Amino acid sequence: MDKSSRLAPGKRDKRMRIRGLAVLASMGLAAWGQAPAPSEADRASAYYHYTLAHMYAELAGSPGGGSAANVTKAIENYKAAIKADPTSSALSEELTEFYVQSGRLAEAQSDAEETLKKDPNDVNSLRLLARIYAGQIQTSRNRLDEEMLKRTIDEYKKIVALVPKDVDSLVMLGRLYKIQSDSAESEKAFKKALDVDPDNEDALSGLASVYADLGDAQKAADILRTLADKMPSERSFRELAAAYEELKQFGLAADALNQALALSPPDAPDVKRAIAEDLVRAQRYGDAIKIYQDLANDDPKDALSYLRMSQIYRTQHDMRKSRENFEKARAIDPTSVDIRYDEVFLLSAEGKTVDAIQALKGVLDATAKTKYTPGETDKRVQLLEQLSGLYTDADQTELAVETYRSAAELDPSAAPRESAFIIETYRQAHLFPKAEAEATAALKKAPDNRGLHVEHAFVVADMGRNDQAAAEVKKLIDGKNDLETYMTLARVYDKGRKFDDMAKALDSAEKLSETEDQKKEVWFTRGAMFERMKKIEPAETEFRKVLKVDPDYTLAFNYIGYMLADRNQRLPEALDLINKALDKDPGNGAYLDSLGWVYFRMGRLADAESNLKVAVEKTPHDPTVHDHLAQVLMAESKVREALGQWQLSLKEWEAGAPADLEPAEVSRVKSRLEEARVRLAKETPPRSNKP
């Protein structure tokens, strides 16, 4: 290091870090407290010894000059300089760094401990020892040494007891307490530092991190906002952005990162990507695309930016632009597994499930190995589960089950989860005996697995044994996961149409709900219960409560819209609500059914037919959707087609879960089917018996 870059004795540099101690560097260790200022003669002596120390240190580090004598002389002169000027934190830091670089840390520790035996209040020895201990908090295996952490804290407590206004020691103490997970003491230390120096960046940042750990993200963000306003820097803006991200205020996070970007950081492209990601999460898609386009223009080989633009357009349901940008990404990096994997989602969004299956199988083949690391195993299991989901969407039930079993073979610890997926797959395919057999066999292997008990209860409820299912779920109430258990119990009672019991379970769940998301789930389920009970006004009230806390909750939009359409009420409002749901999820079969149904009620038969035909394609096993399409076709005098849809409706009712069977609905479908047969017979000219 050039001499001019060193600080003269007595000067303070709050940004100096010890290169040899990674733990201290990550903690941001800064300067120490000051003793009474030395005289000019002492300063001159300190500078003289410092110059000699620096010279010997450079000799020790030069080729052929690293003799033990030069190392010893450097250390002796550093000590002499510190003795002459004990206020110099830079000297203490440099000596500690030299001890590390010369491999004489044990000697440093021994010297400090010996000095402290003679004088327990020797601040410089306390500083040196504290720094040495801090360097050993993190073991060679990257683990925390709890005992060394405690010893380090003890040394810093001694320092601040002797020098109460030592801001940097207080900051260090705050960080050490934070590592120890002692938020109360950490908060006290940072606040004491701020009492001395209200604008201290490290103390403000540290205090904010304590509040973040305590779950008070808003308080943390407020402190960081103050810090960024007082001392605008890349660091302050980035920390502020992280706090806003924790609060899910992604627009504000993007704004903070833009302020960091204005300071021309060396990693500007990475900052731009972070801004774009926050903009996506803030649903400011146009702004995000502009950033990615700029990045791609700056670097024509930037496949990632084209891929992200493809994903954003896919979110916006603009499949043409999504495909266009995907192809640009693939052209740049045709061998990228990530790009090939993303095409699976694109093909699925394009409605090309068979092609998506082939694409995902290609990714699995390309990444196949004879042996996998734990991380690779986890990723491969996820891919297999996604492939199973695609098989399920394509009505290839046995292939889906076979693939889930392959995932369990690859990772035996995941076997209970894979069995739960298999049970759900069989339930979706209306293969209830197989679902029950799978659940029974899985529980024999993992009798204490909550998820398997839940799936078993649902199968039993599907098959009409509601009391047995409810009893199994009640056994899971243990004071730990009771919110989830009461919600499961409510759904079981729903299958048995035991609405009084369902209402009680939901009331219990609501009492245990702490977050808006938890309450939202309770309200939505209660709204669905009221709808099934034909209590439309209270149902709408519950759904409106959901929308008040989550204005984008598409299920609630669709439910209200469908209720209104089904009762031929407020049809323009119903249409608007259903379209809001479809704006967010245009390929949803249930929403398309609702749209077709409201068009039917409005007399727009052509629009009703086109939407319901797509709904039938997407939800072929829903008897109600077939019935809706049949009614539209009948109104259009397409009697033969209507008859076919009612036949499919009856078939799906018969194949469905016994618990889901609605005799009144089945009776109505049978009546409509018979009317269609009679009408078709009347409209069909009799066959001639002539030869």
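Start at the second largest pocket of this predicted model: its lining consists of 7 nonpolar, 5 polar and 4 charged residues. Select I82, T115, D122, N124 and S125, which lie nearest the centre of the pocket among the 16 residues that line it. Then show α3 (68-84), α4 (89-101), α5 (105-118) and α6 (123-134), the elements that each give two or more residues to this lining. The space in the second largest pocket comes to about 360 Å³.

Next, go to the enclosed space. A search of the whole structure finds 1 cavity of 30 Å³ or more, and about 40 Å³ of space lies in the largest cavity. To find the largest cavity, select R450, V454, V473, L476, E484, T485 and T488, which line it. By class, this lining divides into 3 nonpolar, 2 polar and 2 charged residues. Colour α24 (450-462) and α26 (482-495) as well, since each supplies at least two lining residues. The largest share, 3 residues, comes from α26.

Now turn to the packed interior. In general, nonpolar side chains of soluble globular proteins tend to be buried together. The largest nonpolar core here has 87 residues. Select Y78, F98, Y156, L173, L176, I275 and I312, the members that touch the most other members of this core. Centre the view on I312 and display its surroundings: leaving aside neighbours within four places in sequence, I312 is in contact with V280, Y285, A288, I289 and Y292. Another core, of 74 residues, lies apart from the largest one. Its members include L506, M563, L577 and V625.

From that second core, M563 leads to the last stop. M563 is one of the buried residues of helix α30, which runs over residues 554-566. Select the whole helix: α30 has 13 residues and reaches 18 Å from its first C-alpha to its last, close to the 18 Å expected at 1.5 Å a residue. How many residues of α30 are buried? The count is 10 of 13, leaving the helix mostly covered. Those buried are T554, A556, F557, N558, I560, G561, Y562, M563, L564 and A565.

To see what covers α30, add α28 (516-532), α29 (536-549), α31 (571-584), α32 (589-601) and α34 (623-635), against which its buried residues pack. Finish just past the helix at N568, which follows α30 and has a positive phi, near 60°.

Key
Residues are numbered from 1 along each chain as its sequence is written. This is a predicted model: local features need pLDDT of at least 70, side-chain atom pairs count only at pLDDT 80 or more; totals for chains, interfaces and linings use all residues. Side-chain values use heavy atoms; hydrogens and water are left out. A nonpolar core is a set of buried Ala, Val, Leu, Ile, Met, Phe, Trp, Tyr and Cys residues joined through side-chain atoms within 4.5 Å. Buried means under 20% relative accessible area, exposed over 50%, partly exposed in between (1.4 Å probe, protein chains only). Contact means heavy atoms within 4.5 Å. Helices (H or I, at least four residues) and strands (E, at least two) are DSSP runs, numbered from the N terminus. The expected span of a helix is 1.5 Å times one less than its number of residues. On a 1 Å grid over the protein atoms alone, a cavity is a set of points where a 1.4 Å probe fits but cannot get out, and a pocket is an open set with protein on both sides within 12 Å along at least five of seven lines; lining residues have an atom within 4 Å of a point. Grid points are joined across faces, edges and corners, and a volume is the space filled by probe spheres set on the points. Ala, Val, Leu, Ile, Met, Phe, Trp, Tyr, Cys and Pro count as nonpolar, Asp, Glu, Lys and Arg as charged, and the others, Gly among them, as polar.
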